[in-house]
Amino acid sequence: MGRFILQCSPLQCLMLSTPVGPVRVTGCSLGVHEIRLTPSTTAPCGKLGVVTIMEEERKAELVKPLRACLHWLEQFFRDADSIKTIPLPPLHTGNDPDSFISKVLNTLAHDVPPGQTVSYKELAVMAGNPKASRAVGTAMRTNKVPLMIPCHRVIKSDGSIGNYMSGKAVALKRWLLDHEGASVP
């Protein structure tokens, strides 16, 4: 699997305090590169709707994609349904835009709204390759922008919740699905 490389400007890093714990966002003027969640085996207990920049004075210095990402995350944690009307900030993750992984991630981001879930197999079908369930799993594991590309909405074919962040954050996955109003056993 090759990397699709675009020249980008210097990276900016944004540290956020969120209802699910610390979140690190990196990006440049071309888009958001990565959202890094903090794995936890216990359910998040942060105050719903509160997203704060750990270095508030830097907010004015942020490139446009990071400002858009901050707004998107604030809305997501305030009311997950509200993101249905907010466009995703530009993403600049280094994935080849013509790859199957990109097709899977784009399909998930645009066709599986908050409150809904999809199995690996269903997502493979939606992305155009019904036999690629395992490749969908690879796409979920390599997703650099969780929440925006909502890999937490992908569940097992038997309806069970499955893993999240390589099994290190199943409680976080359940919290995110509950926050969005999804019904999972």
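**Exercise 1. By about how many helical turns are Trp72 and Phe76 separated in helix α1?**

Solution. In this predicted model, begin with the spacing along the chain: Trp72 and Phe76 are 4 residues apart in helix α1, and therefore about one helical turn separates them.

Next, consider how the two side chains are placed. A pair of aromatic rings is described by the distance of the centres and the angle of the planes. The model holds 3 aromatic pairs. For Trp72 and Phe76, the ring centres lie 5.6 Å apart and the planes meet at 5 degrees, so this pair is stacked, given that planes under 30 degrees apart count as stacked.

Finally, look at the surroundings of each residue, using the cut-off of under 20% relative accessible area for buried. Trp72 has a relative accessibility of 2% and is therefore buried, and Phe76, with a relative accessible area of 0%, is buried as well.

**Exercise 2. Determine which helices the pair of Phe77 and Trp175 ties together, and classify its geometry.**

Solution. Start with the geometry: the ring centres of Phe77 and Trp175 are 6.3 Å apart, with 45 degrees between the planes, and the pair is classed as tilted.

Then locate the partners. Phe77 belongs to helix α1 and Trp175 to helix α5, which spans residues 170–180, so the pair ties together parts that are 98 residues apart in sequence. Phe77 and Trp175 are both buried.

As a last step, place this pair in its wider setting: ring pairs link Phe77 and Trp175 with Trp72 and Phe76 into a cluster.

**Exercise 3. Decide whether Thr93 is buried or exposed, and name the side chain that it contacts.**

Solution. Locate the residue before judging it: Thr93 sits in the loop between α1 (64–78) and α2 (100–111). Its relative accessibility is 17%, and because the limit for buried is under 20%, Thr93 counts as buried. The side chain of Thr93 is joined to that of Asn95 by a polar contact of 3.5 Å.

**Exercise 4. Describe how strand β3 is joined to β2, and how far β3 is covered.**

Solution. First establish the pairing: strand β2 (residues 21–28) and β3 run antiparallel and are joined by 6 bridges. Within this pairing, Gly27 stands opposite Val32 of β3.

Then follow the chain from one strand to the other, where a hairpin leads from β2 to β3 through 2 residues.

Finally, turn to the covering of β3 (residues 31–37), which is mostly covered, since 5 of its 7 residues are buried.

How values were computed: Residues are numbered from 1 along each chain as its sequence is written. This is a predicted model: local features need pLDDT of at least 70, side-chain atom pairs count only at pLDDT 80 or more; totals for chains, interfaces and linings use all residues. Side-chain values use heavy atoms; hydrogens and water are left out. Buried means under 20% relative accessible area, exposed over 50%, partly exposed in between (1.4 Å probe, protein chains only). Two strands pair if DSSP finds at least two bridges between them. A polar contact is a pair of N or O atoms within 3.5 Å; within protein, one must be able to donate a hydrogen and the other to accept it, and residues adjacent in sequence count only if both atoms are side-chain atoms. Rings of Phe, Tyr and Trp (its six-membered ring) pair if their centres lie within 6.5 Å; planes under 30 degrees apart count as stacked, over 60 as edge-to-face and the rest as tilted.
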